[in-house]
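Thanks for making the time this morning. I would like to talk through the cysteines of one chain, and I will put the sequence and the structure up before going on.

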Amino acid sequence: MDIHLRLLGKPSETGRLFMTAFVGIICGFFLGISFPTLSLSKMNLPSSLFPSIDLTYIDDKYSGLSSQALFNAWASLKGNTGSSLQLQANDDTKIWVPTNPRGAERLPPGIVVSESDFYLRRLWGMPNKDLSIKPKYLVTFTVGYNQKSNIDAAVKKFSDNFSIMLFHYDGRTTEWDEFEWSKRAIHVSVRKQTKWWYAKRFLHPDIVAPYEYIFMWDEDLGVEHFDAEEYIKLVKKHGLEISQPGLDPSRGTTWAMTKKRDGTEVHKDTEEKPGWCTDAHLPPCAAFVEIMATVFSRDAWRCVWHMIQNDLVHGWGLDFALRKCVEPAHEKIGVVDAQWIVHQGVPSLGNQGKAETGRAPWEGVRERCHKEWRMFQDRMTNAEKAYFKVKEVDVHNSTTH
């Protein structure tokens, strides 16, 4: 009652109070419609209110939204972030797949792509429309431009089922575009390197995995009597995992095993000079091909690649060790006689050497070849001894416990 009497007793004061409130509401309304958006980046708010949020980015990206919409969106984001943090706190939600490739254990298996290829892709359109044909085989040549005519003739013996790859030891690549097929080929250029140096660095088994067979050829091979598709048919027919075409015997060959024979499709063994073969199933009488025009199956190459040494670039000695990558080697390594080639013996890579102490460049190259052969044999022998020594210790320990 006292309050009521005082208000009634001061009518002018009550009117001023209501008028002030009314004017404030009106001013606030007009102020609000004059500034429909709110710049969060201009607000001086404590960082704890918007944790890990770039306010400038939000302001720029969503400048057309009302402040209420932005706050609603942030509230939703905050809720999702909280859920995410809660999931991360639970160790059961972390991904760790030990069977994934090394280094990819934290990825879900469905996203891991552990192999690749040399298929050429477009820069436009849908990826699944890029390839009109997927080559099933790969052929590589280690080349210098001076042998362009020979390589041109060789490439034409390989169909569209083959990806073509050139390793350029002389640094000349663009000149090859005079050949139409060169524009579709893969070109790798590093000066003064050998095909085994290239192979170790650019033909990893996971890169060439799509190809059923890998041809690793030199540049000085005559192919008048060779057809790649027919060669593949014979390799499959006779179950060869590692092979080479027969060599024209009239041009001179080092090994009897690699000479072409008449009247047969394939041969897998031979007779050599007395004392050269300690076992009829071992090189050079069987389980043996040379390294000038070798053809590997996908599985055989996966093994051979791991046997190539980084520093032994000429590959000498590999031919005697290829048998370690297939079993039984005397059945799965052979020479295809029905598709044969001519080894022209052009010492072009040898001329990439360096003349020293009055010797020609090729002499230093040949000397290193022989040294590498002995080094490779020593490494293989020592590696096998070390393996069997450890195995013997393991067997001994397992029997004594």
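Is cysteine 303 buried, partly exposed or exposed? Cysteine 303 is partly exposed, with a relative accessible area of 30%, where buried means under 20% relative accessible area, exposed means over 50% and partly exposed lies in between, for a 1.4 Å probe and protein chains only.

Before going further, I should say that this is a predicted model, in which local features need pLDDT of at least 70 and side-chain atom pairs count only at pLDDT 80 or more, while totals for chains, interfaces and linings use all residues. Residues are numbered from 1 along each chain as its sequence is written, and side-chain values use heavy atoms, with hydrogens and water left out.

Taking a disulfide as a pair of cysteine sulfur atoms within 2.5 Å, the count comes to 2 disulfides, and their pattern is 1-2, 3-4 when bonded cysteines are counted along the chain.

One of them joins cysteine 277 to cysteine 285, with S to S at 1.8 Å, and this link is right-handed, with 95° about the S-S bond. Cysteine 277 is partly exposed at 23% relative accessible area, whereas cysteine 285 is buried at 7%.

The other joins cysteine 303 to cysteine 325, with S to S at 2.0 Å, and here the link is left-handed, with -70° about the S-S bond. Cysteine 325, at 14% relative accessibility, counts as buried.

Finally, away from these pairs, I would point to cysteine 369, which is buried with a relative accessible area of 6%.
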